[in-house]
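The report below describes a molecular model, beginning with its ligand and moving outwards to the cores and domains. Please read it alongside the sequence and the coordinates.

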Amino acid sequence: MGKKLRRAAYSVAAVAVAGAIGYTALVQYGLHKSYPPTVQLSSGDALKEQIKRGEYVSRLSDCTACHTAEGGQPFAGGYTLKTPFGDILSSNITSDPKTGIGNWTQEQFDRAVRHGIGSHGYLYAAMPYNAYAKLTDQDLADLWAYIKTIPPVDNEVVENQLPFPFNQRWTLAGWNLLFFKDQVFKPQPTASEQFNRGAYLVDGPGHCASCHTAKNLLGGDSSAYLQGGALQGWYAADLTSNPHSGLGKWSEEDIVSYLRSGTNKITASSGPMTEAIENSTQYMTDEDLKAIAQYLKSIPASDKPIPTPLSSENTAMITGKKVYESQCGACHVSNGTGVRNMIPSLAGNPQVNSPNASSLINVVLNGTEGPLTHTNPTAAGMPEFAQKLSDSNIADVMTYIRNSWGNSAEPVSASQIGKARKELQAQPWQGDSMHVVK
Ligand code: HEC
Ligand code: HEC
Ligand code: HEC
């Protein structure tokens, strides 16, 4: 090795060592930073009030959704979150001293919920601390008062089930450096109180962006704020004012009705949004729902291009129409308008016009039960068509509903349906070629 080259190699090594020392310092600093509480727990009757407020904060934040496994005890953890990197299980956050957080202090709770550091070190962002960072000191203290009252459940959870290198928690210090804004909510001084409350609910406890904002390759939020995001076979819709695939044509009342009951005059919720409505948004006060609606309506429209609708002479459209008339029209009506507050309208429905058809494909293959809420206790369901229709017939009927009655969106292919059938573990088609609509 020549002298020059060796010197270059040394300095590269020196930089790497300095970088590693700096990084280790950063990791250690993050892990040991203190967060002394500024709002203390109350006592007596005031504590009872505080616990009640905390229960509401827990509803707003939907802590139960992830911290309760299917058929498991509330808050005892063990619910599996599938990420593109592998599985992460939620922690037991009951007051059990051994397997839960019964021995924790308020400061430890704050460190986990708002700053992303738990009992094993840095937390994965599957726990939405990047949104909860915005919680006010008061809400955080109230929430702690409530969580402390959760009865103990002995349930040991191994949260981190990721493969190497993703299972290395210290690497998350780097993730935080890139994507985590550790900052409490700051109201806009010129905006109304209602607007600021809406922004707080959406970006803080409601953590709407964790599903509705597309992620980059490292799982951080992209800059396309609330413009729609793909997740586990669903598509969390565009919530901006885009008039075609977003909420541009929804009134504030349409948004309130959807978040309260799961339905409105246009659509009905399904999949992960039904869970969010059933566990969280249906419990929000009218004022809070109105605040969210006002805030969402203020978000400028995404600039997704609107495709030209396919001609009704297109072969997929001709077949799709026949499938629609024989299988779907009885409920969704021949002009696609459905039955108000019972069967969604497919005409002018932002999800039907969405560039990503995952949610539609999911609903048609597997069917859906419909949201069950206080205001809508007997929601109608959508039957499953996986066994009844071939891949190409499903693709054509999707293409047809996406390009009729004023709708326009990319056609759906038979191979997309075949792929979704596997990924969603839908039933195989039970028919034979005699039953294919041509
Ligand atoms: C979207 C799912 C999700 C939601 C919603 C959620 N959590 Fe979590 N939470 C997780 C996961 C997953 C973990 C484990 C992460 C890890 O080990 O890195 C976790 C970890 C935690 C921990 C750390 C426990 C420990 O032992 O380190 C606490 C405390 C916690 N959550 C409290 C809450 C509270 C309070 C709420 C509501 C304000 C909440 N979580 C909402 C998924 C969620
Ligand atoms: C766990 C993921 C998740 C979270 C968290 C979530 N959403 Fe959704 N949301 C979805 C999915 C998926 C859909 C599409 C459902 C469908 O097609 O029926 C959706 C649909 C919607 C729709 C209907 C849009 C349309 O065009 O049909 C609205 C409005 C909405 N969400 C608002 C919110 C708000 C406000 C929040 C935060 C308080 C939120 N969502 C949090 C996943 C989520
Ligand atoms: C028995 C009545 C019935 C039939 C038949 C039916 N649907 Fe549905 N469909 C519903 C109901 C009810 C919902 C709302 C389910 C929910 O609450 O999530 C729905 C939801 C949908 C959605 C989701 C709409 C949204 O706003 O997210 C799509 C897309 C859809 N149906 C397409 C079809 C297609 C295509 C067919 C024919 C292959 C069909 N439906 C047949 C009753 C029906």
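## Surroundings of ligand 1

In this predicted model, ligand 1 is surrounded by 27 residues, of which the closest are Cys63, Cys66, His67, Ser119 and Met127. Helix α3, strand β2 (86-89) and helix α4 each supply at least two residues of this shell. The polar contacts of ligand 1 include one with a backbone atom and two with side chains, as set out in the table.

| Atom of ligand 1 | Partner in the protein | Distance |
|---|---|---|
| nitrogen | N or O atom in the side chain of His67 | 2.8 Å |
| oxygen | polar backbone atom of Tyr124 | 2.8 Å |
| oxygen | N or O atom in the side chain of Arg169 | 2.8 Å |

Among the closest residues to ligand 1 are Cys63, Cys66 and His67, and these three positions are also covered by the "binding site" annotation of an unreviewed UniProt entry. Cys63 lies in helix α3, which spans residues 63-67, and His67 lies in helix α3 as well. Cys63 counts as buried because its relative accessibility is 11%, under the 20% cut-off. His67 is likewise buried, with a relative accessible area of 11%. When residues up to four places away in sequence are not counted, Cys63 touches Ser58, Phe75 and Leu143. On the same basis, His67 touches Phe75, Ala76, Gly77, Ser90, Ser91, Ile93 and Met127.

## A second annotated site

Which residues does the other "binding site" annotation cover? According to the unreviewed UniProt entry, they are Cys328, Cys331 and His332. Cys331 is found in helix α13, formed by residues 315-332, and His332 lies in helix α13 too. Cys331 is partly exposed, with a relative accessible area of 41%, whereas His332 counts as buried at 10% relative accessibility. Leaving aside neighbours within four places in sequence, Cys331 is in contact with Gly338, Val339 and Ile343. With residues up to four places away again left out, His332 touches Tyr324, Thr337, Gly338, Ile343, Pro344, Leu346 and Met382.

## Nonpolar cores and domains

The domain assignment divides the chain into domain 1 (33-179), domain 2 (193-297) and domain 3 (315-435). The C-alpha centres of domain 1 and domain 3 lie 38 Å apart.

The largest nonpolar core has 55 residues, and within it Phe109, Leu135, Ile147 and Leu296 touch the most other members. The elements that give two or more residues to this core are α2 (44-61), α4 (106-115), α5 (129-132), α6 (137-147), α7 (172-179), α8 (193-203), α10 (252-261) and α12 (286-297). This core draws at least three residues from domain 1 and at least three from domain 2. Apart from this core lies another, of 28 residues, which includes Met317, Leu346, Tyr400 and Ile417.

Phe109, one of the residues that touch the most other members of the largest core, is in contact with Ile101, Trp104, Leu140, Leu143, Trp144 and Ile147, not counting residues up to four places away in sequence. Two of these contacts link to residues described above: Leu143 is also touched by Cys63, and Ile147 is named with Phe109 among the core members that touch the most others. Leu346, one of the residues of the 28-residue core, is also touched by His332.

Definitions and conventions
Residues numbered from 1 in each chain as written. Chains lettered and ligands numbered in written order. Predicted model: local features only at pLDDT ≥ 70, side-chain atom pairs only at ≥ 80, totals over all residues. Heavy atoms only, no water. Domains from an automatic or database assignment. UniProt positions renumbered as here; feature names shortened; annotations may be inferred. Helix = DSSP H or I, 4+ residues; strand = E, 2+ residues; numbered from the N terminus. Buried < 20%, exposed > 50% of the residue type's maximum accessible area, 1.4 Å probe, protein only. Contact = heavy atoms within 4.5 Å. Core = buried A, V, L, I, M, F, W, Y, C linked by side-chain atoms within 4.5 Å. Near = heavy atom within 4 Å. Polar contact = N/O pair within 3.5 Å; in protein donor to acceptor, adjacent residues only side chain to side chain.
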